[in-house]
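Q: Got a minute to go over the charged contacts in this one? I'd like to know which side chains pair up.

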Amino acid sequence: MVEARQRIDKWLFFARVVKSRSLAAKLAQAGRVRINSEKSDKASDLVQPGDTLTITLERRILVYKVLLPGSRRGPAEEARTLYEDLSPPSASEKSLPDALPAVRDIGSGRPTKKERRQTDRLRDGS
């Protein structure tokens, strides 16, 4: 049985990680993609089912396990069948269920409209 292998730039494009294949190639050439913990510096590096990809984007890190090679850039539902998402939750996704609202000491920060009027009356002497 022949294993299905695919270029990393095509796979990233088909999996909808980036908007265009040229952006996928630039991402790979910049060394921001790791295939099984080895840095990829060519867009022509091959991936196959079972490989783990670590992709460093601008604001997040994605960890995907390749399940299938892509055949086209289809809808998002089809793209999600190409990988299993192993990414750790980002800081924005983490929520504190018992977080209290921010509390400010009295007198700190900007004055309220009422406090501003009182200050104006003191200055004017009226």
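The chat below is about salt bridges.

A: Sure. Heads-up: this is a predicted model, where local features need pLDDT of at least 70, side-chain atom pairs count only at pLDDT 80 or more, and totals for chains, interfaces and linings use all residues. Residues are numbered from 1 along each chain as its sequence is written, and side-chain values use heavy atoms, with hydrogens and water left out.

Q: OK, how many salt bridges does the structure hold?
A: Four, taking a salt bridge as a side-chain nitrogen of Lys or Arg within 4 Å of a carboxyl oxygen of Asp or Glu.

Q: Which residues are linked in a network?
A: Arg-7, Asp-9 and Arg-21. Asp-9 pairs with Arg-7, with the closest N and O atoms 3.1 Å apart, and Asp-9 also meets Arg-21 at 3.2 Å, N to O.

Q: Where do Arg-21 and Asp-9 lie?
A: Arg-21 is in helix H2 (residues 21-29) and Asp-9 in helix H1 (residues 8-14), so their pair ties together parts twelve residues apart in sequence. Helices here are DSSP runs (H or I, at least four residues), numbered from the N terminus.

Q: And is Asp-9 buried or exposed?
A: Buried, at 3% relative accessibility; the cut-offs are under 20% relative accessible area for buried, over 50% for exposed, and partly exposed in between (1.4 Å probe, protein chains only). Arg-7 is partly exposed at 32%, and Arg-21 is partly exposed at 36%.

Q: Switching topic: what does Lys-42 meet in a salt bridge?
A: Asp-45, at 4.0 Å from N to O. Lys-42 is partly exposed at 46%, while Asp-45 is buried at 18%.

Conventions: Helices (H or I, at least four residues) and strands (E, at least two) are DSSP runs, numbered from the N terminus.
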